[in-house]
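Trainee: I have a model open and want to work through its packing and strand pairing. Can we go step by step?

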Amino acid sequence: MFEPQRKYKTCIMCGRYDMTREHIFGKSFADYLDVQHHWKADQYTPTGEKHAKRSFKKGPSPITNIAPRVLCNKCNSERLSGTMNSSLPYLISCASGESFSLTPDAQQSLRRYFERVAMIIDVCTSAEQMQQSKRESAKHRHGPALISFDQRKAWLNEEIAPENLNIYLGFHKGVLGLNPDVNIRHTASFKNGGIQYGKRITMVIQRLAICLDINMSDFECPGETFYPLKEITNWPPNTDVSYDDYYALRNQDDITRRYRQVFSNTALVEEIEALSIPRGEVTFPIELEPFLSQA
Ligand SMILES: [Zn+2]
């Protein structure tokens, strides 16, 4: 999904032309994380209930250093620098598991940070500003972005939160073997007589587990240890995110089942794209076996 060479003509937030590269997670946070391993994508394309095709793709850099050319110079260096600077200390506290209380300022800074991350990933996994001829091979990028340009502009200029985006955070204490982990799941459901497409972005960055839901109103965040950001007043929350909880959310078994039911009579197939950086060798830890054997 992250193609460094993909060309965006205009800024995805404001429409200006002076495009610059921008770290999805912000350069300061990427520098703090200092991830050395290159990202690798597992791609599962289920071809039926029991059979799935699995393929791998290797990326050119650690996921934390991915910097698509989606923002203009003004947004990058002026308009969004306040958001990036003010959120950094809170992000580091969350990621390191340090205790702090989420004041209204901390809430607002973290909310703006994750809204920005979600909007960039949403655009990168859409067909926005993509030539028709390129769309054919871009399997995960056929549709428009789910958070519209107007919503992004209102977010930039008037600080209006996209109403179809929900942010959940959890405290991840254990070792999953994959960290950082980023997973993007495309979903679809029936809504008001039509199909509503959605995306769930799940991530683990050190102690911080994140779920960003776009257009997922029909599927509430099932993780019992993930909390809506606006309800978190103290970090870390009392209950940790367990391995089962995170993987249930990441692989969204309950959504998959409902999705299959909804689409059992149609030709639509589900698609999963997981981006992950294993520590050390490119092998999967034993705790992933149940997940891999399902695929
Ligand atoms: Zn801009």
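Trainee: At roughly what angle do the axes of helix 3 and helix 4 cross, and what class is that?
Mentor: This is a predicted model. The axes of helix 3 (residues 81-96) and helix 4 (residues 104-124) come within 8 Å and cross at roughly 110 degrees. Angles of 65 to 115 degrees count as roughly perpendicular. Therefore helix 3 is, relative to helix 4, roughly perpendicular.

Trainee: How do the residues of the contact of helix 3 with helix 4 divide into nonpolar, polar and charged?
Mentor: Helix 3 brings Thr83, Ser86, Ser87, Tyr90 and Leu91. Helix 4 meets them with Ala106, Ser109, Leu110, Arg112, Tyr113 and Arg116. The split is 5 nonpolar, 4 polar and 2 charged.

Trainee: How many residues of strand 6 are buried?
Mentor: Take strand 6 (residues 165-172) face by face. Side chains in a regular strand alternate between the two faces of the sheet. On one side, Leu165, Ile167, Leu169 and Phe171 are buried; on the other, Asn166, Tyr168, Gly170 and His172 are buried. The count is 8 of 8.

Trainee: Which strand pairs with strand 6 in the parallel sense?
Mentor: Strand 9 (residues 208-214) runs antiparallel to strand 6, joined by 7 bridges. Strand 10 (residues 227-228) is also antiparallel to strand 6, over 2 bridges. The parallel pairing, over 2 bridges, is with strand 12.

Trainee: Which residue in strand 12 is the bridge partner of histidine 172?
Mentor: Start with the other strands. Phenylalanine 171 bridges to leucine 208 in strand 9. Leucine 169 bridges to tyrosine 227 in strand 10. For histidine 172, the partner in strand 12 is valine 241.

Notes: Residues are numbered from 1 along each chain as its sequence is written. This is a predicted model: local features need pLDDT of at least 70, side-chain atom pairs count only at pLDDT 80 or more; totals for chains, interfaces and linings use all residues. Axes are lines fitted to C-alpha atoms, for helices over the stretch in contact, and angles run from 0 to 180 degrees between N-to-C directions. Helices (H or I, at least four residues) and strands (E, at least two) are DSSP runs, numbered from the N terminus. Angles under 35 degrees count as roughly parallel, over 145 as roughly antiparallel, 65 to 115 as roughly perpendicular and the rest as oblique. Two residues are in contact if their C-beta atoms, placed from the backbone, lie within 7 Å. Ala, Val, Leu, Ile, Met, Phe, Trp, Tyr, Cys and Pro count as nonpolar, Asp, Glu, Lys and Arg as charged, and the others, Gly among them, as polar. A residue is buried if 20 or more other C-beta atoms lie within 10 Å of its own, exposed if 12 or fewer, and partly exposed in between; C-beta atoms are placed from the backbone. Two strands pair if DSSP finds at least two bridges between them.
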